[in-house]
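The exercises below are meant to be worked through with the sequence and the coordinates open side by side. Each task is followed by a solution that proceeds step by step.

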Amino acid sequence: MKRLAAAALVFAAAAVAAAQAQNTSPYAPITIPLTIDQVPGKPIWYSTGNPGVPGKDNEGNTSNAGFVVTSDCVVVFDALGTPSHGWALLQQIRKVTDRKIRYVVASHYHADHIYGLQAFKDHTDAIVVAQERAAEYKENEETADEKANARLDQRRGVLFPWVDKNTRVVPPDITFRDRMMIALGDKRLTLLYAGPAHSSSDMMMLVEPDGVLFAGDIVQNSRIPHMNSDDVSTMQWLAALGEVEKLDPKFIIPGHGKASTQAREAIAFTRDYIQYVRSAMGTAVRDWTDFDAAYEKTDWSKYRDMPAFAANNRGNAYRIYLELEQSQFKADKP
């Protein structure tokens, strides 16, 4: 039996090596190719996901990711929503450079950004870096932010075969609290905690001297963000957007939606949406209007045709309604 087990391990290792050599995926193959674009004139690349919600139609590729090639090595920002897409991103990196992948930085621990970490953990020596609250996201525990086991089970259903029984959550190797600086060759990467806003562990990465900001889900350009979570704080989210604006990036890569040289416009979209929902639900709370009635009377025409509106907007409005209701009760206390 021991010989059979050893032979099986050797066979599995050989299969992975053969897949790498032939540039074929050791995970379920994707049929929609992953494409990357280069930040003009900079050694920085990024992929843009489908702006909708994860499903069979987009094979689970809905978030953005990217990588920075320094004179010393490569740093990856986010790893996409399936091991298959993480592998595809790894292959795209290898088309650009053969330099060592030193770090993979996770903007926050939500499924659509982290399942691809498995490919980097299985096939590179990269160190996974995240904000310290990302360590709360464990397969056998529940957090207010996103229930890890429940989410993985859900994705194994809606995203099979790209997420399957072998898909696992890869925890961070290194965490930081508020700020972390990484100097690599000719680049300086500043990791900045921005949460809890969209999630408990939101962070961004500023690449200098290029002035390129990987904003994570703090910025979602022309796409209705997901805000229906207990850890969402729209006040902190708005404050974080103000900090993003102060950074004045020359090029911004949001967590979802289009990358842009017009950073202020991308920031404004997310900020304006949050403020609009807060205003509408704030009026309802002050007037003691039932949520369903308030939602129906609100004019959503500006956002109704945006990607992810049907999936996210009502839940967002309800979450903000509860947030503002709670804050009013606190204010009313003597």
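**Exercise 1.** With which residue does Arg133 form a salt bridge, and how far apart are the closest N and O atoms?

*Solution.* Bear in mind from the outset that this is a predicted model. Begin at the side chain of Arg133, whose partner in the salt bridge is Glu136, with 3.0 Å between the closest N and O atoms. Next, consider the surroundings of the two residues: Arg133 has a relative accessible area of 26% and is therefore partly exposed, and Glu136, at 31%, is partly exposed as well. The cut-off behind this step is that buried means under 20% and exposed over 50%.

**Exercise 2.** Describe the open sheet that contains strand 8 and strand 12, and place the helices that lie on it.

*Solution.* First establish the order of the strands, which is 8-9-10-11-12 in an open sheet of 5 strands with mixed pairing. Strand 8 (179-184) and strand 12 (251-257) are the edge strands, each of them pairing on one side only. On average, neighbouring strands in this sheet are turned by 25° against each other, direction ignored.

Then turn to one pair within the sheet: strand 10 (residues 203-208) and strand 11 (residues 212-221) are antiparallel and share 3 bridges, and Val207 is found opposite Val212 of strand 11. Finally, add the helices. Helix 7 (residues 263-286) packs on the sheet, where it touches strand 11 and strand 12, and its direction makes about 25° with that of strand 11. Helix 6 (residues 234-247), by contrast, runs at about 150° to strand 11 and lies across strand 9 (187-193), strand 10, strand 11 and strand 12.

**Exercise 3.** Which residues of the largest nonpolar core touch the most other members, and which element supplies the largest share of this core?

*Solution.* The largest nonpolar core holds 40 residues, and those touching the most other members are Ile218, Val219, Trp237, Leu241, Val244, Ile252 and Met281. At least two core residues come from each of strand 10, strand 11, helix 6, helix 7, helix 8 (291-297) and helix 9 (309-332), while the largest share, 11 residues, is that of helix 7. To see how one member is surrounded, take Val219: setting aside neighbours within four places in sequence, its contacts include Leu241, Val244, Ile252, Ala266 and Ile267.

**Exercise 4.** Is Ala280 buried or exposed?

*Solution.* Locate Ala280 in helix 7. Its relative accessible area is 19%, so Ala280 counts as buried, given that the cut-off is under 20%. For a second case, take Ser84 in helix 2 (residues 83-96), which is also buried because its relative accessibility is 3%. Beyond residues up to four places away in sequence, Ser84 touches Tyr27, Ala28, Ile30 and Trp162.

**Exercise 5.** Which parts of the chain do the salt bridges Arg188 to Glu208 and Asp292 to Arg314 tie together?

*Solution.* Check the first pair: the side chains of Arg188 and Glu208 meet at 3.1 Å, N to O. Arg188 belongs to strand 9 and Glu208 to strand 10, so this salt bridge ties together parts that are 20 residues apart in sequence. In the second pair, Asp292 and Arg314 meet at 2.6 Å, N to O. Here Asp292 lies in helix 8 and Arg314 in helix 9, so the parts joined are 22 residues apart in sequence. To finish, note that Glu245, Asp248, Arg264 and Arg271 are joined into one network by salt bridges that share partners.

Note on methods. Residues numbered from 1 in each chain as written. Predicted model: local features only at pLDDT ≥ 70, side-chain atom pairs only at ≥ 80, totals over all residues. Heavy atoms only, no water. Pairing = 2+ DSSP bridges. Helix = DSSP H or I, 4+ residues; strand = E, 2+ residues; numbered from the N terminus. Axes fitted to C-alpha atoms, helices over the stretch in contact; angles between N-to-C directions. Contact = heavy atoms within 4.5 Å. Buried < 20%, exposed > 50% of the residue type's maximum accessible area, 1.4 Å probe, protein only. Core = buried A, V, L, I, M, F, W, Y, C linked by side-chain atoms within 4.5 Å. Salt bridge = Lys/Arg side-chain N within 4 Å of Asp/Glu carboxyl O.
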